[in-house]
Amino acid sequence: TDLTPKIQELKFQCIVFLNIPRYCAGTMPWGNPGDHHDFEPQRHDDGYIEVIGFTMASLAALQVGGHGERLHQCREVMLLTYKSIPMQVDGEPCRLAPAMIRISLRNQANMVQKSKRRTSMPLLNDPQSVPDRLRIRVNKISLQDYEGFHYDKEKLREASISD
């Protein structure tokens with residue numbers, strides 16, 4: 001599908017090609033899973049590349065929960081440029097001379113993810129996460145003892161004074 005007319009019509013400042021749901025410090029450029037009316041929900045293991053267009057306004061809104069314009073889901077992208085363009089590959093900026101770029105899934109590796117645990121910070125409006133009484137143990141240690149024992153947690157614990 002040639003997306004050139006749509007990209008020109010909507011005057012995008014940038015186009016993002018993703019095969020993962022989260023990007024740029026945890027933002028979701030494709031949007032929330034329930035908002036996909038004309039597209040399949042984004043998945044990292046489906047072999048598809050999501051093509052997303054951004055105006056300056058939608059790019060700024062990305063950091064506060066916004067998303068770009070969903071353009072396409074495909075297995076391969078052919079990008080043809082006629083002039084030098086700025087771009088990023090895995091977060092590394094560069095300037096690309098006129099070129100034909102082919103983007104496709106090359107391979108996939110299984111990853112291990114640490115199980116999520118509750119953080120010490122309570123979630124907003126979650127009465128279960130705020131204890132009735134909160135106790136925090138604080139130990140004091142002199143700078144001299146810290147500098148002498150910083151490599152050994154047990155010695156630090158022994159040198160500290162519980163408060």
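## Contacts around Leu 3

Two residues are in contact when heavy atoms of theirs lie within 4.5 Å. By that rule, and leaving out residues up to four places away in sequence, Leu 3 touches Val 51, Leu 71 and His 72. The model described here is a predicted one.

## Overall layout

The protein contains four helices and nine strands. From start to end of the sequence, these elements follow the pattern α-β-β-α-β-β-β-β-β-β-α-α-β.

Of the protein's 163 residues, 20% count as buried. Among contacts with a separation of 6 or more, 53% are accounted for by residues 24 or more positions apart.

## Nonpolar cores

In soluble globular proteins, nonpolar side chains tend to be buried together. Here the largest nonpolar core has seven residues: Leu 3, Phe 12, Ile 49, Val 51, Leu 71, Cys 74 and Val 77. Strands β2 and β3 each supply at least two residues of this core. Leu 3 belongs to this core, and two of the residues that Leu 3 touches, Val 51 and Leu 71, are core members as well.

Another core lies apart from the largest one and has six residues, including Val 16, Leu 18, Trp 30 and Ile 52. Trp 30 has a relative accessible area of 0%. Because buried means under 20% relative accessible area, Trp 30 counts as buried.

## The aromatic pair

The structure holds one aromatic pair. Its partners are Trp 30 and Phe 39, with 5.2 Å from centre to centre and 70° between the planes. Planes over 60 degrees apart count as edge-to-face, and the Trp 30 and Phe 39 pair is therefore edge-to-face. Trp 30 thus appears both in this pair and in the core of six residues.

## The largest pocket

Rolling a probe the size of a water molecule over the atoms shows where empty space is left. The largest pocket in this model has a volume of about 1800 Å³. Its lining is made up of 44 residues, and those closest to the pocket centre are Ile 15, Val 16, Phe 17, Leu 79 and Ile 103. The elements that give two or more residues to the lining are α1 (4–10), β1 (14–18), β2 (49–54), β3 (69–74), β4 (76–80), β5 (85–89) and β7 (100–104).

By class, the lining has 28 nonpolar, eleven polar and five charged residues. Val 16 is one of the residues closest to the pocket centre and is also a member of the core of six residues. Strands β2 and β3, which each give at least two residues to the largest core, are also among the elements that give two or more residues to the pocket lining.

## Two strand residues: Leu 80 and Pro 86

Leu 80 is found in strand β4. With a relative accessible area of 47%, Leu 80 is partly exposed, because that class lies between the 20% limit for buried and the 50% limit for exposed. Leaving aside neighbours within four places in sequence, Leu 80 is in contact with Ala 99 and Met 100. Leu 80 and Ala 99 are 19 residues apart along the chain, and their C-alpha atoms are separated by 6.0 Å.

Pro 86 is found in strand β5 and is exposed, with a relative accessible area of 62%. Not counting residues up to four places away in sequence, Pro 86 touches Cys 94 and Arg 95. Pro 86 and Cys 14 are 72 residues apart in sequence, with a C-alpha to C-alpha distance of 9.6 Å.

## Loop residues

Lys 11 is found in the loop between α1 and β1. Its phi is near 50°, a positive value in a residue other than glycine. Lys 11 is exposed, at a relative accessible area of 61%.

Asp 90 lies in the loop between β5 and β6 (92–96). Asp 90 is not a glycine, yet has a positive phi of about 50°. The relative accessible area of Asp 90 is 81%, and this residue is exposed. Ala 25, in the loop between β1 and β2, also counts as exposed, at 81% relative accessibility. Ala 25 and Gln 63 are 38 residues apart in sequence and 8.5 Å apart in space, C-alpha to C-alpha.

Definitions and conventions:
Residues numbered from 1 in each chain as written. Predicted model: local features only at pLDDT ≥ 70, side-chain atom pairs only at ≥ 80, totals over all residues. Heavy atoms only, no water. 1 Å grid on protein atoms, 1.4 Å probe; cavity = no way out; pocket = protein on both sides within 12 Å on 5 of 7 lines; lining within 4 Å. Points joined across faces, edges and corners; volume = space filled by probe spheres on them. Nonpolar A, V, L, I, M, F, W, Y, C, P; charged D, E, K, R; others polar. Core = buried A, V, L, I, M, F, W, Y, C linked by side-chain atoms within 4.5 Å. Buried < 20%, exposed > 50% of the residue type's maximum accessible area, 1.4 Å probe, protein only. Phe/Tyr/Trp six-rings, centres within 6.5 Å; stacked < 30°, edge-to-face > 60°.
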